Amino acid sequence: MDSFAFLKERMGGEWSIRSADGSIHIELPQDFSADLEARTENGQIKCDCPVTISGSVDRHRLTGKINSGGNLLKVQSSDGSINIIEF
């Protein structure tokens, strides 16, 4: 089962979005800022928002800052892809 999240507000602390079986689709406003940690075991990660990458990146892991960064947005999928888009 796929999960959908529409994040429209500022983060007041760390947010964690997880799926054990299915993809995760996240829509963010253009002015959204957060530190991003996205990981998947059996899928890929697609992100169309501006991310300043920290460390290495591959199809299963993406770590960095969305816009100016901020609180941690942790996204994990065991068996599915992660898609992050701006609206």
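## S77 and its surroundings

S77 is tucked away: its relative accessible area is 4%, so it counts as buried (buried means under 20% relative accessible area, exposed over 50%, and partly exposed in between, with a 1.4 Å probe and protein chains only). S77 sits in strand β8, which covers residues 72–77. Strands here are DSSP runs of E with at least two residues, helices are runs of H or I with at least four residues, and both are numbered from the N terminus.

Setting aside neighbours within four places in sequence, S77 is in contact with S19, G22, I24, R39, T40, E41 and I82 (contact means heavy atoms within 4.5 Å). H60 is 17 residues from S77 in sequence, and their C-alpha atoms are 9.6 Å apart.

## What the model is

This is a predicted model, where local features need pLDDT of at least 70, side-chain atom pairs count only at pLDDT 80 or more, and totals for chains, interfaces and linings use all residues. Residues are numbered from 1 along each chain as its sequence is written, and side-chain values use heavy atoms, with hydrogens and water left out.

## The loops on either side of β8

G80 falls in the loop between β8 and β9, the latter being residues 82–86. G80 is buried too, at 8% relative accessible area. Apart from neighbours within four places in sequence, G80 is in contact with G22, S23, T40, N42 and G43. So which residues turn up for both S77 and G80? G22 and T40 appear in the two contact lists. G55 is another matter: G80 and G55 are 25 residues apart along the chain, with 23 Å between their C-alpha atoms.

On the other side of β8, N67 lies in the loop between β7 (61–66) and β8. N67 is partly exposed, with 29% relative accessibility. Its phi is near 55 degrees, a positive value in a residue other than glycine. Most residues other than glycine have a negative phi.

## Two cysteines, no bridge

How many disulfides does a search of the whole structure find? It finds 0, a disulfide being a pair of cysteine sulfur atoms within 2.5 Å. For C47, the nearest cysteine sulfur belongs to C49 and is 3.2 Å away. Going the other way, C49 has the sulfur of C47 as its nearest, at 3.2 Å, and is in no disulfide either.

As for cover, C47 counts as partly exposed at 27% relative accessibility, whereas C49 is buried at 8%.

## The chain as a whole

The protein chain has 0 helices and 9 strands, so along the sequence you just read β-β-β-β-β-β-β-β-β. Its radius of gyration is 12 Å, which agrees with the value near 12 Å for a compact globule of 87 residues (taken over C-alpha atoms, with the globule rule being 2.2 Å times the number of residues to the power 0.38). Along the principal axes, the C-alpha atoms fill a box of roughly 30 × 25 × 20 Å.

Of the 87 residues, 37% count as buried. Among contacts with a separation of 6 or more, 64% come from residues 24 or more positions apart. The chain exposes about 5000 Å², with carbon and sulfur atoms supplying 45% of it; these areas come from the Shrake-Rupley method with a 1.4 Å probe, and for residues only the protein chains shown count as cover.
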